[in-house]
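This report walks through one protein chain for a computational chemist. The sequence and the model come next, then the details.

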Amino acid sequence: MTCRECELLLADGQAEAAVADHLRACATCRAIQEELGANALALSSLRDDELPRVKMPKRRPVLPWVAAAAAAAVLALIAHQASQRKPVVEMPTGARQVTAPVAVTAKLPAEPAAKLPVRHHRPKPAPQSAPLEQPLLVKMLTPDPNVVVYWLVD
């Protein structure tokens with residue numbers, strides 16, 4: 001048996017024949033056993049001593065208005081954060097995002113000074129390649145930062 005094993009068995013309070021044999025041969029472990037015995041006696045003598053009474057200071061009661069003020073502050077903080085939160089817009093899965101500016105139109109007078117020419121645009125023919133698997137997502141910004149328009153284009 002090693003000294004380490006003997007120390008562990010002595011600390012657990014297990015007295016085996018192997019421990020007794022090791023204690024006869026090892027002076028260091030005998031000293032540890034005597035020390036553990038003295039410590040056990042000292043601790044057992046402390047059980048009879050009465051502990052001194054310590055006077056604890058009285059706790060001041062928490063005023064109800066302090067709790068109410070704290071609750072109001074928390075609610076104000078939550079309301080402020082909620083007003084600062086921007087809406088979250090989820091995009092469909094697989095959509096491409098394209099940002100396009102919003103066209104701003106001016107009010108025309110009741111009677112236009114000159115007739116504006118009308119432009120006719122011919123639509124471009126669709127490419128003959130494979131069709132897009134995902135729709136094109138067009139994001140249109142508006143003057144109101146809380147309103148965003150999304151268009152899905154096939």
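V153 is partly exposed, at a relative accessible area of 36%. Here buried means under 20% relative accessible area, exposed means over 50%, and partly exposed lies in between (1.4 Å probe, protein chains only). This is a predicted model, in which local features need pLDDT of at least 70, side-chain atom pairs count only at pLDDT 80 or more, and totals for chains, interfaces and linings use all residues. Residues are numbered from 1 along each chain as its sequence is written, and side-chain values use heavy atoms, with hydrogens and water left out.

**The strand pair and its patch**

V153 sits in strand β3, residues 148–153. Helices (H or I, at least four residues) and strands (E, at least two) are DSSP runs, numbered from the N terminus. Strand β2 spans residues 136–141 and runs antiparallel to β3, with six bridges joining them. Two strands count as paired if DSSP finds at least two bridges between them. A hairpin of six residues links β2 to β3. Across the pair, L136 stands opposite V153, and V138 stands opposite W151. In a regular strand the side chains alternate between the two faces of the sheet.

V153 also belongs to a nonpolar surface patch. V147, V149, W151 and V153 make up this patch, which covers about 330 Å². Patch members must have over 30% relative accessible area and no salt bridge; like charges are joined within 9 Å, and nonpolar side chains (Val, Leu, Ile, Met, Phe, Trp, Tyr) within 5 Å. Accessible areas come from the Shrake-Rupley method with a 1.4 Å probe; for residues, only the protein chains shown count as cover.

**The chain as a whole**

The chain holds four helices and three strands. Their order along the sequence is α-α-α-α-β-β-β. Of the 154 residues, 8% are buried.

**The nonpolar core**

Which residues make up the largest nonpolar core? They are C6, L9, L10, V19, L23, C26 and C29, seven residues in all. Helices α1 (3–12) and α2 (17–25) each supply at least two of them. Helix α1 gives the most, with three residues. A nonpolar core is a set of buried Ala, Val, Leu, Ile, Met, Phe, Trp, Tyr and Cys residues joined through side-chain atoms within 4.5 Å.

**Two helices, each with a buried side**

In α1, the buried residues are C6, L9 and L10. Seen down the axis of α1, they fall within an arc of 100 degrees, so they line one face of the helix. The arc is that of the directions from the helix axis to the C-beta atoms. The other side of α1 has R4, A11 and D12 exposed.

In α2, V19, H22 and L23 are buried. Their arc around the axis is only 100 degrees, which puts them on the same side of α2. The face turned away from that buried side carries the exposed residues A17, R24 and A25.

**Salt bridges**

How many salt bridges are there? The count is two, where a salt bridge is a side-chain nitrogen of Lys or Arg within 4 Å of a carboxyl oxygen of Asp or Glu. Side chains of opposite charge can pair when their charged atoms come close.

| Salt bridge | Closest N and O atoms |
|---|---|
| E7 and R4 | 3.8 Å |
| R24 and D21 | 3.0 Å |

E7 and R4 both lie in helix α1, three residues apart, about one turn of the helix. R24 and D21 have that spacing in helix α2: three residues, about one turn. An α-helix has 3.6 residues a turn, so residues three or four places apart point the same way.

How accessible are the partners? In the α1 pair, E7 is partly exposed at 27% relative accessibility, and R4 is exposed at 55%. In the α2 pair, R24 is exposed at 62% relative accessibility, and D21 is partly exposed at 43%.
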